[in-house]
Amino acid sequence: MSGHVSRRAMLAGLAIGTGGLLSGCDRLGQNEAVRGLLFKGADWNMWTQRALIDRGALAPEYRADQRSRIFRTNGTRNPGTPDYAAHAAAGFADWRIRVDGLVARPRDFAIAELWAMPQRAQITRHDCVEGWSAIGKWQGPRLATLLDAAGLRRDARFLVFHCADRYAGGRRYYESIDLIDAFHPQTILALALNDRRLDIGHGAPARLRVERQLGYKHAKYVERIEAVADLAPVYGGKGGLWEDLAGYEWYAGI
Ligand SMILES: Nc1nc2c(c(=O)[nH]1)N[C@H]1C(S)=C(S)[C@@H](COP(=O)(O)O)O[C@H]1N2
Ligand SMILES: [Mo]
């Protein structure tokens, strides 16, 4: 009820009205407007405030010499469809990532356009729920740059990543994140791993990096990013293929 409304307002204010606020947790508390949004509502308890501030914190970053010698692949290692094979053969020159749903200007991004955007590189540790980790350097534009270009609407609350690969029964791999993760400074659409263009195994031509969460959230083979108000009507309704099929947590914080 009112809790729901103020949470939405807070997310909209943080993510859209004040882009960049989440780049540091001390700045978060220093801004008058945000402090008002966060701390004045009677329905906001201390736990919620702490949780939100924590969500803006950065994942640890590592030195180049700490990178894993082998960064294994997991899940789909090649979507294997004729369409994907044709794109791969053409070096993904015609691949487009569609950004649509609750945006003012739905649009397609070519991979070359993503390379032309300001890039962020980060050396982070990937943690898979199956019990393996690897440290690698990821590079690409911030997701925020695409969302700003498309004009995210104020009623948007989640971003759904539709992938090119399908699992048994023709179910598409998909994942979703909220606006805090969407505008987190380390959330990028990675185009390169360890200074090389992403290979097919790691999700070419573009895959999500959402560094505060487990591996299955990092959607590979992204072909569409849809802004929605509610996850219930999307595929199985739980916000991701493994959430739908295997009961994985939607928020897989690490
Ligand atoms: N499209 C798609 N994305 C995916 C998966 C997948 O099967 N399909 N597997 C997920 C899982 S469980 C993990 S651990 C990582 C593995 O990424 P990597 O292959 O680059 O190591 O991708 C995630 N993203
Ligand atoms: Mo995983």
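**Exercise 1. Describe the protein as a whole: what area does the protein expose, and what share of it do carbon and sulfur atoms supply?**

Solution. Step 1: the protein exposes about 11700 Å², of which carbon and sulfur atoms supply 52%. Accessible areas come from the Shrake-Rupley method with a 1.4 Å probe, and for residues only the protein chains shown count as cover.

Step 2: a note on the source is needed. This is a predicted model, in which local features need pLDDT of at least 70 and side-chain atom pairs count only at pLDDT 80 or more, while totals for chains, interfaces and linings use all residues. Residues are numbered from 1 along each chain as its sequence is written, chains are lettered from A and ligands numbered from 1 in the order in which they are written, and side-chain values use heavy atoms, with hydrogens and water left out.

Step 3: the secondary structure comprises 9 helices and 11 strands. Helices (H or I, at least four residues) and strands (E, at least two) are DSSP runs, numbered from the N terminus.

Step 4: of the 254 residues, 50% are buried. Buried means under 20% relative accessible area, exposed over 50%, and partly exposed in between (1.4 Å probe, protein chains only).

Step 5: among contacts with a separation of 6 or more, 67% link residues 24 or more positions apart. Contact means heavy atoms within 4.5 Å.

**Exercise 2. Characterise the largest nonpolar core: which residues touch the most other members?**

Solution. Step 1: a nonpolar core is a set of buried Ala, Val, Leu, Ile, Met, Phe, Trp, Tyr and Cys residues joined through side-chain atoms within 4.5 Å. In soluble globular proteins, nonpolar side chains tend to be buried together.

Step 2: the largest core holds 57 residues, and Ile97, Leu114, Leu159, Phe161 and Ile225 touch the most other members. Strand β5 (residues 158-167) contributes the most to this core, namely 6 residues.

Step 3: beyond its neighbours within four places in sequence, Phe161 contacts several residues, including Leu143, Tyr173, Ile177, Leu208, Val222 and Ile225.

**Exercise 3. Place β5 among its partners: which strand is joined to β5 by 7 bridges?**

Solution. Step 1: 8 of the 10 residues of β5 are buried.

Step 2: strand β6 (residues 171-178) runs antiparallel to β5 and is joined to it by 7 bridges. Two strands pair if DSSP finds at least two bridges between them. One bridge links Tyr167 to Arg171 in β6.

Step 3: β5 and β6 form a hairpin with 3 residues between them, and Gly169 in the turn has a positive phi of about 75°.

Step 4: β5 also pairs with strand β11 (residues 222-228), in the antiparallel sense and over 6 bridges. Here Cys163 has Val222 as its bridge partner.

**Exercise 4. Describe the surroundings of ligand 1: how many residues surround ligand 1, and which are the closest?**

Solution. Step 1: ligand 1 is surrounded by 22 residues, the closest being Arg72, Thr76, Asp165, Tyr167 and Lys220. A residue is near a molecule or strand if one of its heavy atoms lies within 4 Å of it.

Step 2: the largest share of this shell, 3 residues, comes from β5.

Step 3: oxygen atoms of ligand 1 lie 2.8 Å from a backbone N or O atom of Arg72, 2.9 Å from a backbone N or O atom of Asn74, and 2.6 Å from a polar side-chain atom of Lys220. Taken alone, ligand 1 exposes 530 Å², and the protein buries 99% of that.

**Exercise 5. Examine Gln213: is Gln213 buried or exposed?**

Solution. Step 1: Gln213 sits in the loop between β10 (207-209) and β11.

Step 2: Gln213 counts as buried because its relative accessibility is 3%.

Step 3: the side chains of Gln213 and Asp181 make a polar contact at 2.7 Å. A polar contact is a pair of N or O atoms within 3.5 Å; within protein, one must be able to donate a hydrogen and the other to accept it, and residues adjacent in sequence count only if both atoms are side-chain atoms.

**Exercise 6. Explain why β4 is largely enclosed by the rest of the structure, and identify its pairings.**

Solution. Step 1: 6 of the 8 residues of strand β4 (residues 133-140) are buried, so β4 is largely enclosed by the rest of the structure.

Step 2: strand β3 (residues 120-127) pairs with β4 in the antiparallel sense over 8 bridges, with Gln122 opposite Trp138.

Step 3: 2 bridges join β4 to the antiparallel strand β8 (residues 192-193).
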